[in-house]
Amino acid sequence: MTTLPFYNVNSEVGKLESVLLHRPGKELERLTPQSLEELLFDDIPWLGRMQEEHDMFADVLRSRGCQVFYYDRLLEKILEDESVKKEMVEELSVLTGFGRLKEKDAILEHLLSRTPAALTEILIAGLHKSEISYKEDHRSLSYYIADEYPFYINPLPNLYFTRDPGAVIGNGISINSMKTSARNRETMILSYINRHHEKINCHEVPQWYGYHQNEPIEGGDILVLSKSVLAIGCSARSSAVAIEKLAENLFKSNSSIEEVLVIQIPFKRAYMHLDTVFTMLDRDKFTIFPGIENDIKVFSLKNSLKKAGSLKITARTDLNKALCKALKLNQVLIIPSGGGDKITAAREQWNDSTNTLAISPGTVVTYRRNTASNDSLRENGVEVVEIEGSELVRGRGGPRCMSMPLRRTDLD
Ligand SMILES: NC(=[NH2+])NCCC[C@H](N)C(=O)O
């Protein structure tokens, strides 16, 4: 039996030892043109091809010595425990709202009588109204309004972007609070896995943020630049208040984080998280989408010496200088994506050219389709490992979004 390893992420680029992924499944087949916007998709992927592409991605990681864990297997394992199953189903009834319906008891009974594997599938792919059978007079009006909303439990097509619901920082975890209800069950699932998985359970895991907090923060905005510096995007998905809360929690607990660089990016769908425009490639190399360079603002948050947990906020004039200062480097190289052409850069950014996943210092996984950006990285001495992403990209995310690092080898 495989067991979940302890968390250890002290950089963006240290050798990736283990990662949490989710292989896209039936939840993607529940996307319809009507639900695309609400479920944060722009198009409907072809599931079969998408799974092939995802398997190739996982194989690439394994071939580089990374252990791959999957959401559904971990979830199935913890659901073998009846008390966990009950607790989760109860919480689900509140979170999804089915607990308020006349059908509540029938749905509860249906869920509790499923095997761990079948319940896992429902937790991820959702529960369609037609899947529950009961006497007609036990139906509520919402049952008949099926066209409006055909699910008792909505599908989670974004779960394959495992980066967003959680972020391992040091030896602890931030269980994030998602901006939209379309994704908040993802964080609930992660929280149960984190709490109940046996290997983690035997050891105290510090939790830096919790999914019950109202202020949103998502993992695509959280970059662990070094053991002591975190970058957090202030974006359409992560609020300034949430960033302050996370920073305060890190500063006042026993984490090794001493500085948070807040990078404010335009609040737009195309750049929903910092990692859609800016990622780290090597100890001193980054890539950025040049189209936002003039629109970003950088602030440094540090623990104020006067009072533990209170923040000292300093505006920084320049991203490059802020990175050098925070990482104690004489210089850093920030490689523009798109190979110097504005249109190419914008097109490739939409297809996640800047969403690179470092698997060791100076080696990154990217989509093959972003040829100009990949060439620029190579010209600057970065090893680029390409994967196919024709279908995967349709959810608007790349290799970094599709992975949640659990362990990385520490840099010396
Ligand atoms: N880390 C990321 N950039 N994740 C991308 C998530 C894309 C997803 N469709 C969403 O809108 O939420």
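Me: In what order do the strands of the open three-stranded sheet run, and what kind of pairing do they show?

Reply: In this predicted model, the open sheet of three strands has the order β16-β17-β18, and its pairing is mixed. The strands at the edges are β16 (357–360) and β18 (383–387), each of which pairs on one side only. From one strand to the next, the twist averages 35°.

Me: In which sense do β16 and β17 pair, and over how many bridges?

Reply: Strand β16 and strand β17 (residues 363–367) pair in the antiparallel sense, over three bridges. To find one of these positions in the viewer, look for A358, whose bridge partner in β17 is V364.

Me: Which strands does helix α1 lie across, and at what angle does it run to β18?

Reply: Helix α1 (residues 47–63) lies across β16, β17 and β18, and runs at about 150° to β18. Helix α12 (residues 371–379) lies across β17 and β18, running at about 155° to β18.

Me: What is the strand order in the open sheet of five strands, and how are the strands paired?

Reply: The order is β8-β9-β10-β13-β14, again with mixed pairing. Strands β8 (222–224) and β14 (311–316) stand at the edges with a single partner strand each, so one side of each is left without a neighbour in the sheet. The twist in this sheet averages 20° from one strand to the next.

Me: Over how many bridges does β8 pair with β9, and in which sense?

Reply: The pairing of β8 with strand β9 (residues 229–234) is antiparallel and extends over three bridges; within it, V224 stands opposite L230 in β9. As for helices, α10 (residues 319–327) lies across β9, β10 (259–264), β13 (297–303) and β14, and its direction is at about 165° to that of β10.

Me: Into which domains is the protein divided, and how far apart do their C-alpha centres lie?

Reply: Domain 1 takes in 16–69 + 157–408, while domain 2 covers 74–153, and the C-alpha centres of the two lie 31 Å apart. In general, the size of an interface is often given as the accessible area lost when the parts come together. Here the description is by residues in contact: 14 residues of domain 1 are in contact with 13 residues of domain 2. Helix α7 (residues 184–196) gives the most to the side of domain 1 that touches domain 2, contributing seven residues, and by class that side has six nonpolar, four polar and four charged residues.

Me: Which residues come nearest to the ligand, and what classes make up the shell around it?

Reply: Of the 15 residues around the ligand, those that come nearest are L40, G220, H273, G397 and C401. By class, the shell around the ligand has five nonpolar, six polar and four charged residues.

Me: What pLDDT does the protein average, and what scores does the predictor give the complex?

Reply: As a general caution, predicted coordinates should not be read in detail where pLDDT is low. In this model the protein averages a pLDDT of 93, with 94% of the residues scoring at least 70, and for the complex the predictor gives an ipTM of 0.98 and a pTM of 0.95.

Notes:
Residues are numbered from 1 along each chain as its sequence is written. This is a predicted model: local features need pLDDT of at least 70, side-chain atom pairs count only at pLDDT 80 or more; totals for chains, interfaces and linings use all residues. Domain bounds come from an automatic or database domain assignment. Two residues are in contact if their C-beta atoms, placed from the backbone, lie within 7 Å. Helices (H or I, at least four residues) and strands (E, at least two) are DSSP runs, numbered from the N terminus. Ala, Val, Leu, Ile, Met, Phe, Trp, Tyr, Cys and Pro count as nonpolar, Asp, Glu, Lys and Arg as charged, and the others, Gly among them, as polar. A residue is near a molecule or strand if its C-beta atom, placed from the backbone, lies within 6 Å of it. Two strands pair if DSSP finds at least two bridges between them. Axes are lines fitted to C-alpha atoms, for helices over the stretch in contact, and angles run from 0 to 180 degrees between N-to-C directions. pLDDT is the predictor's confidence in each residue, from 0 to 100.
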